[in-house]
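Let's take a walk through this one together. Have the sequence and the 3D view open side by side.

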Amino acid sequence: MRISKGFIKSSLIYTVAGMLPMASAVILMPFYLRYLPGELYGVGMTCLAFSVLVQILASYSFDTSLYVTYHELKHDRARLGTYVSSAFIFMLLLGAVLTVFFALSGEFIFTYFIKGKELSFYPYGLISVGIGVFQAIFKVHSNLLQTREKSETYLWANVINFTIIAAASITGMVLFPNTLVGPLGGRLLAGGLMTLWVLFRVFRAYGWHVKSPWQQTSARFNALAFVYQVLQWVINYFDRLMIAAYFTFSMVATYDFAIKCLVPVELMLNGLNSTIGPKVVKRMNEQTVKTATQEINRYYYGLVSVVLLVLCLSIAFIPSILAPLVKKNSYASEALPYIPYIAVIFIFRAMRLYFVTPYTILKKMGTLTVINVFVSALKIGLMVVLISRWQLYGIVASAVLAYAVELVLLWYNLRHDYEMRFNAFKLFVAPLLMFAVIVISEPLLGIHYPLPVHLGYGILCTGLLYAAYRNEIKLIDPFKILK
């Protein structure tokens, strides 16, 4: 068995680059703990969740459609240039419209949905809108770089963005403690500077074309992908708003801190998906009849396996490492027991990626949108029912149940259009066994004997992966692993 040096290089680059946005959150965390009280930190994280929604609105799913359309048009330079340039001009205009809209209506929206809290839209909500608009343009350009397999440019763009965010945020928190000038202002500054760089590159490379981007691609595909992304925001971020509405911003801080403790898992998942995504899209576009090949399957087997290992390591060591550092901070110390429960959500997130990409290639965005409407409604309903009884554990339970239902629906609605031949043990059985062991063991033994139980998860995971890959391991020649 041999591994391409190019694949290893691009995997490392995309993983490292994908790490940087979240790494900034980790590097900034000590400063958050020192300069932001729990209530204010919760407000900041709520504003950033809102900025992600604005980012989705401003990008209008061009980050998704570029993956497909670029490969369709890459042999026609004129049509490709018109499409890319027009897409960025459209996003600029949409960003301006969103800024004006929220400047006029933001205060009403904030006070209507989060009642009885001291949360004003001005200035931090408006700053969040700017962050979202800038990040939309930067993200679409990043996806363009990934699609073109410009991994080194992608890396340096993210390094510079990360450096500006970290430096400006820390400076802001030191100069203006107990405010959100640093955390939000730093991101706004970085977003503005990187947006100028992106627009310079795009218009220099593709020209200035003020035309409808849908002259070159499907407007329906963009619209459905856009709805899908909004629904994904509901699935992944609406929980912060629910916690703020039902409880306090300090509890938002506890929940968000617990999620940030699992940044290594998130980084690995996103980095690997960024690496294999363009390769899978390329292989599928070359097929007349879309089917899961052995090569495509191996990408996702590897992704799931690595995520499981990193997840177990994070459960075992992160709470022990952080415990001495957060013992004087109530919202941070209260977050540690939630880590194993939140971690299992990543098991389902890793498995679902196997099904999502074929929907994009087959342009089954209508079906995917319907699935997400149902899953989003299900998750919100479960949160409403469970949050009052189990509080943050109810939020986690609703996420797990929603992802489980989504997996079944994704498979069921894809089975006639995409031939799926996969090793069930590698892709589903081993991950679900780990999920069951963690969920059962954690409340029974993990509370009383955390370290040995958490180390046991890692041992079990290693054993399951050895059982899954024992034949491949026998074929590995350590002296010829690279070609």
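Here is a tour from the overall fold down to single residues.

First, the ground rules. This is a predicted model, in which local features need pLDDT of at least 70 and side-chain atom pairs count only at pLDDT 80 or more, while totals for chains, interfaces and linings use all residues. Residues are numbered from 1 along each chain as its sequence is written, and side-chain values use heavy atoms, with hydrogens and water left out.

Start with the fold: the chain has 18 helices and 0 strands (these are DSSP runs numbered from the N terminus, H or I of at least four residues for helices and E of at least two for strands). Along the principal axes, the C-alpha atoms fill a box of roughly 55 × 55 × 40 Å. The radius of gyration is 22 Å, which agrees with the value near 23 Å that a compact globule of 483 residues would have (taken over C-alpha atoms, with the globule rule being 2.2 Å times the number of residues to the power 0.38).

How much of the chain is buried? Of the 483 residues, 55% are, where buried means under 20% relative accessible area, exposed over 50% and partly exposed in between, using a 1.4 Å probe and protein chains only. As for contacts (heavy atoms within 4.5 Å), 84% of those with a separation of 6 or more link residues 24 or more positions apart.

Now go inside. The largest nonpolar core has 155 residues; such a core is a set of buried Ala, Val, Leu, Ile, Met, Phe, Trp, Tyr and Cys residues joined through side-chain atoms within 4.5 Å. Among the residues with the most contacts inside this core are Val 84, Phe 88, Tyr 300 and Met 434. Helix α11, residues 294–326, gives the most to this core, with 15 residues. Apart from this core lies another, of 5 residues, including Ile 13 and Tyr 154. Back at Met 434, look beyond the neighbours within four places in sequence and you'll find contacts with Leu 308, Cys 312, Ile 347, Tyr 457, Leu 460, Cys 461 and Leu 464.

Helix α11 also has a residue out in the open: Gln 294 sits in this helix and counts as exposed because its relative accessibility is 56%. From Gln 294 to Val 265 is 29 residues in sequence and 25 Å in space, C-alpha to C-alpha. Compare Leu 93, in helix α4 (residues 77–113), which counts as exposed at 55% relative accessibility. Its C-alpha is 8.9 Å from that of Ala 58, 35 residues away along the chain.

For the covered side of things, try helix α3 (residues 62–73), where 11 of the 12 residues are buried, Asp 63 and His 71 among them. In helix α6 (residues 151–175) you'll find Ser 169, which counts as buried at 0% relative accessibility. Outside its neighbours within four places in sequence, Ser 169 has contacts that include Leu 28, Gly 182, Pro 183 and Arg 187.

Finally, some backbone spots in the loops. Between α4 and α5 (124–147) lies Pro 123, joined to Tyr 122 by a cis peptide bond with omega about 0 degrees. Ser 61, in the loop between α2 (38–59) and α3, has a positive phi near 65 degrees despite being a residue other than glycine, and it counts as buried at 0% relative accessibility. Gln 391, in the loop between α15 (365–390) and α16 (392–414), has a positive phi near 55 degrees and is partly exposed, with a relative accessible area of 37%.
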